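Q: Please take a close look at the nonpolar core in this model. Describe what builds it and how its surroundings are arranged.

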Amino acid sequence: MLINTVILFLRDALPIFVLVVYLYVHLSATKLWLVLCVVAGAFLSLIYINQIHVIGQWFDGKGIELSLWIYQIFVYLLAVVLGYGLNQNQSSNKHSLNWVAGLMVSLTLVSKGSNFVLYFDGYLNQSNAIQSMLLGTFLGLGICLSLAILLYLTAQWLKQRLGPWSTWLLVLIYVTGQLVNALPLLVQVDVIDATATAWSSQHFVSNEFEFGHLFNVLFGYQAAPSIAQVIIYVLALFIPLVVFYSLKLHSASHSGNK
Amino acid sequence: MNKPVNKIVGITALFFGLFCQSLLAAVAEYHIQLKDHLFLPSQIIIPANQKVKLVIYNQDDTPEEFDSFSLNRDKVIFAKNKATIFIGPLQPGKYDFFGEYNPNTARGTVIVEHQKPKATDAN
């Protein structure tokens, strides 16, 4: 039970920690923002879990997969909005961007946090499991916090050296990874047929190992990705980059003409 | 004059429709029970290069998450409930799966072999 709890934290809590850290650095957000996001996300998670049996019955039993996929699409689109806000570079945008980032954290908390609620709800009433679960929770939280601090320092350093676009790029890479990670959800309920594998690096870094877990969270690493995953990854990553770069060039040439 | 043609077209369409429907419905089902945090059967043999449907019944009082890195599948099965997962087409080999909440006991393997498709039932 101890190891299970630690692994659960690595798989489902670490993505939340990573996103929160990236956004916290990117927006130079306040602690109040952080608290509000977590409370809102926890509240939405409880609502989602409360209705998960009903959602699970939707679309011939595909409701959970479809809802989680839609959450990831929203999180990705919100990250693109963050990039657009950065492109606009207006100080009045900061407030609305904080809301966008807050919504990203809340949605991620719903999709990842619901797993925790299910796990703890199912096993907390087993008296022999409580001690090891608590210990596993402390260990898992410790690992997540340590990695979050390392990422915070790295993101701060990048922002100071290369500016806010670097931290937005970290966010974009993260959300693209999560979007691609969610694609097998649609395959497993037969909504799409995307099973052809692009390559296999299982022997180098397996998804079962610690580095596989970490890389999966940071940039959506898959040891054996499908061709569809690779195509979506490339498109989701490069289209916003190309669009924002063109917009930046365009606005620079306009301001140069004036 | 067009009546025989219509009949032939109608029969062909009906035959084609039935044939297509049978093709679409030809996804073999494999049933697994989860009891006392154990998958039964723990080994399932499925045909290579074919999509199959796994139906997993959780008979325990606690939820479980069917998880497999090699199959790239991840699905919560609520207590006293069932879940359906499609896997494949797969190359011959062994693909491990486990229950994320009880990975020490809830373990199993999907063995993919070249064979004629044949649905099995753990019941």
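A: The core comes first, then a helix of chain A and the side of chain A that touches chain B.

This is a predicted model, in which local features need pLDDT of at least 70, side-chain atom pairs count only at pLDDT 80 or more, and totals for chains, interfaces and linings use all residues. Residues are numbered from 1 along each chain as its sequence is written, and chains are lettered from A and ligands numbered from 1 in the order in which they are written.

The largest nonpolar core holds 80 residues. Such a core is a set of buried Ala, Val, Leu, Ile, Met, Phe, Trp, Tyr and Cys residues joined through C-beta atoms within 7 Å; buried means 20 or more other C-beta atoms within 10 Å, with C-beta atoms placed from the backbone. Y22(A), L23(A) and V171(A) touch the most other members. Helix 1 (residues 2–27) of chain A gives the most to this core, with 16 residues; helices here are DSSP runs of H or I, at least four residues, numbered from the N terminus. Leaving aside residues up to four places away in sequence, L23(A) touches A29(A), A101(A), M104(A), V105(A) and V171(A), where contact again means C-beta atoms within 7 Å.

Helix 7 of chain A covers residues 164–181. Of its 18 residues 13 are buried, so helix 7 is largely enclosed by the rest of the structure.

As for the partner chain, 14 residues of chain A are in contact with 16 residues of chain B. Helix 5 of chain A gives the most to the chain A side, with four residues.

Key:
Two residues are in contact if their C-beta atoms, placed from the backbone, lie within 7 Å. Helices (H or I, at least four residues) and strands (E, at least two) are DSSP runs, numbered from the N terminus. A residue is buried if 20 or more other C-beta atoms lie within 10 Å of its own, exposed if 12 or fewer, and partly exposed in between; C-beta atoms are placed from the backbone. The expected span of a helix is 1.5 Å times one less than its number of residues.
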